[in-house]
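Here are some short exercises to work through with the structure open beside you. Try each task yourself before reading its solution.

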Amino acid sequence: MSFDSLGLSVELLRAINDQGYSQPTPVQSQSIPVILEGRDILAGAQTGTGKTAGFTLPMLQRLSQMQTNGSRRKIRALVLTPTRELAAQVGESVKTYSRYLPLESAIVFGGVKINPQIQKLRNGVDILVATPGRLLDHISQKTIDLSSIQILVLDEADRMLDMGFIRDIRKILALLPEQRQNLLFSATFSNDIKQLANKLLTKPALIEVARQNSASERVSQLIHPVDKKRKRELLSFMIGSENWHQVLVFTRTKHGANRLAEQLSKDGITAAAIHGNKSQGARTRALSNFKQNTIRVLVATDIAARGLDIDQLPHVINYELPNVPEDYVHRIGRTGRAGNKGEARSLVCVDEHKLLKDIERLLKRDIPRDMIPGYEPDPSIKAEPIQKARARKNTTKPRSGGRPPMHAKTNRSHRSQRNTGQNNQRNR
Ligand code: AMP
């Protein structure tokens, strides 16, 4: 299968060719023709499958073919993403693929000044990529009008719900014209996602490329049992002895991410941490240094790493296992992308055996153990409860895994609900 057979215009084929892609990924070959027909889709696709191009390419083609009335550009396509990083990356893809088309796009997310965004919007855009919170800020300032939207994309919808954005999404949906095309992408299908899909989509084409919650076959996984207090030492040893140069390391908390990045730097391994407490500038800088190989290790929390797109990332390390088993699948999905092989290693101490069991149950298989000589765990050490991130106590009754309820019934205003989602995001 080649891109030529999917019905894409020469301008788009040229942009794809510039990227060096020789053939569409499965999600692309399935979604592109259906989206070009104007149908709604419900796609189960994780990051790393090429889903961004899967919706961006046909969206651009449809927009470039649509009749527009009036001379002023109006926002005709809206892509909602859960995180700033994902918004930035999707926005970049939109720019890349629309290079040869007369379409304008803008990205809006929080954590940066709103005025440059307003300026850009004033010039008129066809496509807007946004996180829900900042989009609503613009709407309340009347700097964005959604009344001409013809295509809506919800990217990583499961994450948006997990992060407490459901009210924001409902509010945004209420501002859109009834007649429009809806594209919903989600890595997992909880009941909440199914409910949202039922409400939003009309006779959607169902596209499922990777089995739900399955880990990519291209990623080899290993568990290294080790005592908690020796994890840092083992990590430095692995990075040094195996001469790894681009390693994404996950911790459970922001504090843990900071501390580990500092300790690795002291060991002579260049490292930076990214998480929700860092300014957008610091996050962007850390990511760019990591991509350019000026730092060897990027230490990230789950939310911060969401949507990171780093080509050919060879190594993912779970320094601590996630509280939520699905996050393990997302984490290791950062490697083995777009046809490349990847390696995911987890440093697991006795406290984490229950988390590991939950992950293996989700994967429906055991992950091989590999004891590293000199780092064998001390059998006399007893398991201790895992400390949850401190600020989570602020969230309403945690569900299993420490997440707040998705539809917390509350009388709080829209804005405070949104803040709940962001606080939750900040604390991971
Ligand atoms: P995504 O799942 O959209 O985050 O994309 C994952 C990665 O795959 C990105 O680095 C894309 O640039 C890359 N990619 C997308 N489509 C293709 C393709 N057809 N062939 C090779 N790489 C691709």
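**Exercise 1. Find the residue of β13 that is the bridge partner of Leu222, and describe how β8 and β13 pair.**

Step 1. Go to Leu222 and look across to β13: its bridge partner there is Arg345. Helices and strands here are DSSP runs, numbered from the N terminus (H or I and at least four residues for a helix, E and at least two for a strand).

Step 2. Now take in the whole pair. β8 and β13 run parallel, with seven bridges between them; two strands count as paired if DSSP finds at least two bridges between them.

Step 3. Check how covered β8 is. This strand spans residues 219–225, and five of its seven residues are buried. Buried means under 20% relative accessible area, exposed means over 50%, and partly exposed lies in between (1.4 Å probe, protein chains only).

A word on the model before you go on: it is predicted, so local features need pLDDT of at least 70 and side-chain atom pairs count only at pLDDT 80 or more, while totals for chains, interfaces and linings use all residues. Residues are numbered from 1 along each chain as its sequence is written, and side-chain values use heavy atoms, leaving out hydrogens and water.

**Exercise 2. Locate Glu343 and work out what joins its side chain to that of His315.**

Step 1. Glu343 sits in β13, which covers residues 342–348. Its relative accessibility is 22%, so it counts as partly exposed.

Step 2. Compare sequence with space: Glu343 and His315 are 28 residues apart along the chain, yet their C-alpha atoms are 5.1 Å apart.

Step 3. Look at the side chains. Those of Glu343 and His315 are joined by a polar contact of 3.0 Å. A polar contact is a pair of N or O atoms within 3.5 Å; within protein, one must be able to donate a hydrogen and the other to accept it, and residues adjacent in sequence count only if both atoms are side-chain atoms.

Step 4. Add the surroundings. Setting aside neighbours within four places in sequence, Glu343 has contacts (heavy atoms within 4.5 Å) with residues including Val219, Ser220, Trp244 and Thr335.

**Exercise 3. Follow the chain from β3 through α5 to β4 and give the handedness of this crossover.**

Step 1. Start with the strands: β3 and β4 run parallel and are joined by four bridges. Ala106 stands opposite Leu128 in β4.

Step 2. Trace the path. The β-α-β crossover from β3 over α5 to β4 is right-handed. That is, with the strands pointing away from the viewer, the path from the first strand over the helix to the second runs clockwise.

Step 3. Look at α5 itself, residues 115–122: its buried residues are Gln117, Ile118 and Leu121. Seen down the axis of α5, these fall within an arc of 100 degrees, so they line one face of the helix; the arc is that of the directions from the helix axis to the C-beta atoms. An α-helix has 3.6 residues a turn, so residues three or four places apart point the same way.

Step 4. Complete the picture. Asn115, Pro116 and Arg122 are exposed on the other side of α5, while the cover over its buried residues includes β3, β4 and α6. After α5 comes Gly124, whose phi is positive, near 95 degrees.

**Exercise 4. Which residues have the most contacts inside the largest nonpolar core?**

Step 1. A nonpolar core is a set of buried Ala, Val, Leu, Ile, Met, Phe, Trp, Tyr and Cys residues joined through side-chain atoms within 4.5 Å. The largest has 37 residues, and Ile41, Leu57 and Met59 have the most contacts inside it.

Step 2. Helix α3, residues 51–65, gives the most to this core, with six residues.

Step 3. Zoom in on Leu57: not counting residues up to four places away in sequence, it touches Phe3, Leu8, Leu12, Ile16, Ile32 and Tyr97.

Step 4. A second, separate core has 36 residues, among them Ile75, Met160, Leu173 and Leu200.

**Exercise 5. Is Glu156 buried or exposed?**

Step 1. Find Glu156 in the loop between β5 and α7.

Step 2. Its relative accessible area is 2%, so Glu156 is buried.

Step 3. Check the backbone: phi of Glu156 is near 50 degrees, a positive value in a residue other than glycine.
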